[in-house]
Amino acid sequence: MANLPSENTIPIIDFSPYQSEDKRVALSETICNTLRTTGFFHLVNHGVSHDLVEEVFQKSRDFFNMPLEYKMGYLRPQGSVSLTGYNKIDQERLDPAVKMEVREAFDFIPTQVPHIERPPGFIDTLVKLDLASRDLALKVLHCFAIGLGLPDEHYFTKAHQAVAHPELESDSGNLFRTLYYPPFTPSQIDAGIVRCGTHSDYGSITLLFQDDVGGLEVESSVKGVFVPVTPVPKAVLINIGDLMARWTDDEFRSTVTEEYALRRRDLTKITYSSSVITIFLLETPRSAE
């Protein structure tokens with residue numbers, strides 16, 4: 001279990017030294033040491049356009065604010081092998097113990113990009129962020145191998161070929177998704193109804209973008225006790241998943257997270273995930289009128 005007793009304990013790491021080979025080793029060692037202890041870190045100066053992230057959030061809100069009938073026209077059938085389409089509320093659950101998980105999602109992969117007229121530019125904007133996130137993920141994976149002192153510093157990037165080559169996605173299981181969590185009101189909050197059940201990520205790494213409000217919680221060193229993740233402006237929050245923990249023989253820690261149910265607030269997220277790598281972009285709660 002990661003040692004996260006309270007807020008503001010997640011380190012902030014400047015990624016700009018990655019551009020210099022002379023500084024890359026020290027940066028990589030810092031990243032790996034952090035993943036051995038807290039399991040999470042904020043990455044700043046990472047190179048992904050903040051304006052692009054904000055644009056994707058807005059386009060996602062525009063899509064999820066469309067009438068349900070419109071969104072159902074793109075429904076991804078439950079249990080379908082297709083990796084593209086809309087997921088309605090409670091279509092999937094991460095925690096089988098809960099009564100309901102209240103969120104919507106829209107999924108796609110580069111080899112199954114759907115044509116959606118409304119909102120204009122929705123898919124094109126997602127594709128741009130998908131590509132930018134892939135590039136950053138590969139750089140972070142490169143740091144993992146360097147920091148672990150592996151004989152081949154490109155070991156992890158070679159193992160994630162579909163991240164570098166989106167045309168291979170049909171065989172990889174990778175997925176880019178936008179998610180929407182509708183507002184909760186006091187009368188709607190009920191034991192067993194959550195936005196996102198407690199879970200650990202299943203892939204290699206998670207990259208998460210969030211605003212200044214917050215919304216994500218991580219399990220502390222006390223099992224079952226969750227603490228908020230304090231956002232850092234324009235940073236990417238990074239943690240590893242179960243696969244990477246197993247890959248490193250649990251040298252890296254995969255930490256349990258949840259999305260807490262804020263009253264009268266909503267959430268929008270954009271994620272890119274797979275059985276190999278997860279890129280997780282989060283917009284935290286906004287006030288609901």
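This passage describes an internal cavity and a set of salt bridges in a predicted model.

Two cavities of 30 Å³ or more were counted in the model. The second largest cavity has a volume of about 40 Å³. Its lining is formed by Asn87, Lys88, Asp90, Gln91, Glu92, Arg103, Glu104, Ala105, Arg177 and Leu179. By residue class, this lining comprises six charged, two polar and two nonpolar residues. With respect to secondary structure, at least two lining residues are contributed by strand 5 (104–108), and at least two by strand 6 (175–181).

Side chains of opposite charge can pair when their charged atoms come close. Nine salt bridges were found in a search of the whole structure. One of the pairs joins Glu92 to Arg103, with a separation of 3.7 Å between the closest N and O atoms. Glu92 is located in the loop between strand 3 (85–87) and strand 4 (100–101), whereas Arg103 is located in the loop between strand 4 and strand 5; the pair therefore ties together parts that are eleven residues apart in sequence. Both Glu92 and Arg103 are also among the residues that line the second largest cavity.

Arg103 additionally forms a salt bridge with Glu101, for which the closest N and O atoms are 2.5 Å apart. Through these contacts, Glu92, Glu101 and Arg103 are linked in a network of salt bridges. The solvent accessibility of the three residues was also computed. Glu101 has a relative accessibility of 0% and counts as buried. Arg103 is likewise buried, because its relative accessible area of 4% falls under the 20% limit for that class. Glu92, in contrast, counts as partly exposed, at 28% relative accessibility. The network thus joins a partly exposed residue, Glu92, to the buried residues Arg103 and Glu101.

A further salt bridge was identified between the side chains of Lys139 and Asp135, with an N to O distance of 3.2 Å. Both residues belong to helix 4 (residues 122–147), in which Lys139 and Asp135 are four residues apart, or about one turn of the helix. Lys139 has a relative accessible area of 22% and is partly exposed. Asp135 is also classed as partly exposed, with a relative accessibility of 41%. The pair in helix 4 is thus formed within a single element, whereas the Glu92 and Arg103 pair connects two loops.

Note on methods. Residues numbered from 1 in each chain as written. Predicted model: local features only at pLDDT ≥ 70, side-chain atom pairs only at ≥ 80, totals over all residues. Heavy atoms only, no water. 1 Å grid on protein atoms, 1.4 Å probe; cavity = no way out; pocket = protein on both sides within 12 Å on 5 of 7 lines; lining within 4 Å. Points joined across faces, edges and corners; volume = space filled by probe spheres on them. Nonpolar A, V, L, I, M, F, W, Y, C, P; charged D, E, K, R; others polar. Salt bridge = Lys/Arg side-chain N within 4 Å of Asp/Glu carboxyl O. Buried < 20%, exposed > 50% of the residue type's maximum accessible area, 1.4 Å probe, protein only.
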